Each structure stands twice: as structure tokens, then as C-alpha cells.
Amino acid sequence: MQITVILDPAEQACCGGMLSLGQHVEWVLAYATRGDQPYYMRDTHEQFSYHGAKTSMVSGSVSAIRELAIHPSRADGTPVRRIWRSLSTLPEGVDYDSDGIEVDLQIDQGQQLPELFNWPRR
């Protein structure tokens with residue numbers, strides 16, 4: 001089974017190791033909603049579990065890495081552009097100039113994925 005995991009660029013810069021295609025990883029994941037959209041996210045600093053989300057240690061192999069750059073509207077009204085760039089590696093300890101990082105993870109057989117957590121509405 002393959003899942004897409006969101007990595008926070010700031011957390012990857014401070015605490016994430018080098019990552020490359022085909023690499024086997026073990027990550028603590030949370031499965032949470034952002035608005036109506038559920039997503040898997042690496043829980044590097046226990047921010048999800050601190051707020052009550054159930055997390056799971058999940059292992060698997062990296063099959064794709066994508067970096068998102070959002071180019072805002074210009075004064076002339078040109079619309080926002082979202083550009084995804086495929087990468088073969090993420091170096092360790094780099095301050096990423098990106099707005100998001102997604103990793104496709106081919107999870108190992110028998111892995112238990114976390115339960116869905118709905119953030120409380122304010």
C-alpha cells in the first residue's frame with residue numbers, strides 16, 4: 001500500500017535527516033484533517049499526539065519526493081501559481097525554500113496506520 005506523507009519544511013530543516021528515493025524509513029505518523037481534507041503527517045515534535053491524535057510508528061520505502069513552491073499573485077493580478085517539483089533527494093539540515101514537502105511511502109506489509117484525528121474547530 002502506498003500513502004502520501006506531508007513533511008513540514010521547517011521540521012525537515014531542523015530535525016530531518018537526508019532522504020532519498022528507495023530509502024527505508026521509520027516515522028511516527030498522524031492522520032489528521034485540515035479542513036475537510038485528511039492527510040498523513042510526520043509527527044516529528046509530537047505536536048499531533050500532544051493535541052490528542054493517535055500516532056503510529058510506520059515503516060516503508062520512499063517512492064517519490066515532491067517540493068511545493070507557491071508563487072503569489074503579482075500587483076497586475078496574475079493568479080497564484082502552485083508548482084510541484086519532483087526530487088530524488090532531500091539533503092540533511094537544509095533550510096528549504098518551499099511551502100510544502102510530500103513523500104510517497106510504500107509502507108511495509110502489516111503496518112498499523114493511525115486513526116483519523118479531527119482538529120477541534122475554533
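This passage looks at an aromatic pair, a cavity and an unusual backbone angle in a predicted model.

A good place to start is with the aromatic side chains. A pair of aromatic rings is described by the distance of the centres and the angle of the planes. One such pair is present in the structure, and its members are Tyr31 and Tyr40. Their ring centres lie 4.2 Å from each other, with 25 degrees between the planes. The arrangement counts as stacked because planes under 30 degrees apart are classed that way. Tyr40 can also be described by its exposure: its relative accessibility is 13%, so this residue counts as buried, the limit for that class being under 20%.

Attention can now turn to empty space inside the model. When the whole structure is searched, one cavity of 30 Å³ or more is found. The volume of the largest cavity comes to about 40 Å³. Six names are worth finding in the structure here: Leu7, Asp8, Glu11, Gln12, Arg42 and Thr44 line this cavity. By character, the lining is made up of three charged residues, two polar ones and one nonpolar one.

The last stop is the backbone at Glu46. This residue is not a glycine, yet its phi is positive, at about 60 degrees. Glu46 sits in the loop that runs between strand S4 (37–42) and helix H2 (47–50). Is Glu46 buried or exposed? With a relative accessibility of 55%, Glu46 counts as exposed, because the class begins at values over 50%.

Methods:
Residues numbered from 1 in each chain as written. Predicted model: local features only at pLDDT ≥ 70, side-chain atom pairs only at ≥ 80, totals over all residues. Heavy atoms only, no water. Phe/Tyr/Trp six-rings, centres within 6.5 Å; stacked < 30°, edge-to-face > 60°. Buried < 20%, exposed > 50% of the residue type's maximum accessible area, 1.4 Å probe, protein only. 1 Å grid on protein atoms, 1.4 Å probe; cavity = no way out; pocket = protein on both sides within 12 Å on 5 of 7 lines; lining within 4 Å. Points joined across faces, edges and corners; volume = space filled by probe spheres on them. Nonpolar A, V, L, I, M, F, W, Y, C, P; charged D, E, K, R; others polar. Helix = DSSP H or I, 4+ residues; strand = E, 2+ residues; numbered from the N terminus.
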